[in-house]
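Visitor: I am new to this structure and would like to learn how to read it. Could you take me through it step by step?

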Amino acid sequence: MTLRQKTLLLIGVTLIGLLGVLYATLSTILLGYLYDLEVTKTRQELKRALDSLSEDVAQLSVVARQWGAWDDAYKFMGNGERKFIQSNFSDSLFFDFRLNLVLLSRPSGQIVFSRGLNLRQQKAMPVPQALIDANFELQSTDLRSGYRGILLVPEGTLIVASQPIVTTNGSGPSRGSLAIARYLNTAELNRLKALNQLSITIHKVNNPRLPTDFQQARSEFKVSKERLLHLESNRLLSSDELIIRPLNNDTMSGYALLRDIYGKPALLLRVDSPRVIYKQGLVGLRYLILSLLGVGLIFVLATLLLLEKLVLLRLARLSKDVKSIGTSNDLSMRVFSNGADELSSLGKTINWMLSALESSLKDLKAEREKAEQLLLNILPQPIANRLKKEERTIADSFNEATVLFADIVGFTNLSAHTPPVELVNLLNQIFSAFDRLAEQHGLEKIKTIGDAYMVVGGIPTPGSDRAQAVAEMAIDMLKEIQQFNALNHAEFNMRIGINTGPVVAGVIGLKKFIYDLWGDTVNIASRMESQGIPGCIQVTDATYERLKDKYEFEQRGVIQVKGKGEMMTYLLLGRK
């Protein structure tokens, strides 16, 4: 068998296996997901139907409560005046609230008034004996509660609500109860369907001609005696767990078991939902698999056209060697390059590249060490490390930092009469000495601007003793200037300003990075220097509070600070 045939067989088997696994995976995941969507949708529709039916029961209960807790009804149960019946229980009441039955009875069970009306035929109908019995059996001793829910009678299924007859303010004693009911007939069921835009079917649990799917649902519902004991005291419409399952390939159905006012299983309700999502999922899955199969066949043909005898094997060998070198990171290794064809030439080229990379890597390592040292001369080490990790925005807030500004007095006038080389040399000697002091005291030099020098304590690494370190450096800076003057027969003097407070620090720019500070603390420190006294160290009240226990100060008094108004300042004289 040739390599081409082997490759064809391998790719064919791989493609078929891949499609099989893909189909099985998509069938399990996608169709399972769509099935869960249908179950969720059907459950929501079933709950919507139950909520609508429960709302009908609740509305009926509200009507019963309004009529039961009414002074006029209370008086009627006492005097039996027929005028109350004539004015309040006319046909309009039945039509307005879609009532079929009204029943008023005394606590003894005596019927005071009862009436039934067929709304469709607009003619009288008898009040079922089962409703009369229920109204007597379920009379509540609680003046504020009655019962409501479903009642099965030989004539059909009733939605019923009852309420004790008391005064308008709810006081008693009760003179009986008022029961109103509505038949859950075809017309009422059609109203529920139209209202909720749902396919709803209801059957009695004890129906001997119950459809097969309803029989299966009935057997699956677990009717526990313990659950019956925990029904609501007002006998609201209650349902057990819901059952959701496919009725057939076209319909997903949800079933609910409804209980009557006695807590017994009464009705089975089913909501049907078309399986549109699942069908579309099946169609989409078939199209996807067919599309992938077509793409796979095209890929196989294109691959075979590009293959040459023994190319795959040698390329695999070459790839293995290159991968081994990459994994080991050892550029002294070489790939196998025996022969005189194009693949051998490629191997030799790779070996030449590895040799060049090995040499370049050594040079790069040396240059990298130089670059890192240069970067550390520009930025603090923690900031440089973050910058090397390609952190795009480096900005930090510090609750407390001590900022020092120093300026050489009269340096601008000196620069006008001094040669540039000599001027830069003098400034370099002074600032180099300051750099050594900053390193000695563990402070961070920020920048120099002309003849001004800026240093800060407390960033990028916070510390409780940084204000003291800045004070020490300020004192040493004045000493350093005096020594410089003595050695160079010069008369330089300095103004130094210090402030302590919160700052924001970060790196700005795309090139020639600089680590800088911002905030009122920095601005006030600059004002302390610019409005200071030559040869003195002027500090703010914030810095004074942190150093007054260890250093001698002289109160300069209140000065006018640009942009901040009047501020109390002090002159740092030295250590105690």
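Visitor: Over which residues does pLDDT stay under 50?

Guide: pLDDT is the predictor's confidence in each residue, from 0 to 100. In this predicted model, the value stays under 50 over residues 223-239, for which there are 37 contacts beyond four places in sequence, a contact being heavy atoms within 4.5 Å. Over the chain the mean is 84, and 89% of the residues reach 70 or more. Among the elements, helix H8 (residues 225-229) has the lowest mean, 40, and strand E16 (residues 537-540) the highest, 95; helices (H or I, at least four residues) and strands (E, at least two) are DSSP runs, numbered from the N terminus.

Guide: Two notes on the conventions may help. Residues are numbered from 1 along each chain as its sequence is written, and side-chain values use heavy atoms, with hydrogens and water left out. Local features need pLDDT of at least 70, side-chain atom pairs count only at pLDDT 80 or more, and totals for chains, interfaces and linings use all residues.

Visitor: In what order do the four strands of the open sheet lie?

Guide: Two strands pair if DSSP finds at least two bridges between them. Here the order is E7-E10-E9-E8, with antiparallel pairing, and the edge strands, E7 (199-204) and E8 (243-246), each pair on one side only. The twist averages 25 degrees from one strand to the next, where axes are lines fitted to C-alpha atoms, for helices over the stretch in contact, and angles run from 0 to 180 degrees between N-to-C directions. E8 and E9 (residues 251-259) are joined over four bridges, and Ile 244 has Gly 254 in E9 as its bridge partner. Helix H7 (residues 212-220) lies across E7, E8, E9 and E10 (265-274), running at about 140 degrees to E8.

Visitor: How many residues lie between E17 and E18 in their hairpin?

Guide: Three residues lie between them, and Gly 563 in the turn has a positive phi of about 85 degrees. E17 (residues 551-561) and E18 (residues 565-575) pair in the antiparallel sense over ten bridges, and the partner of Tyr 551 in E18 is Arg 575.

Visitor: Which residues lie nearest the centre of the second largest pocket?

Guide: On a 1 Å grid over the protein atoms alone, a pocket is an open set of points where a 1.4 Å probe fits, with protein on both sides within 12 Å along at least five of seven lines, and lining residues have an atom within 4 Å of a point. Of the 14 lining residues here, Asn 100, Asn 118, Arg 120, Asn 185 and Ala 187 lie nearest the centre. Helix H6 gives the most to this lining, with four residues.
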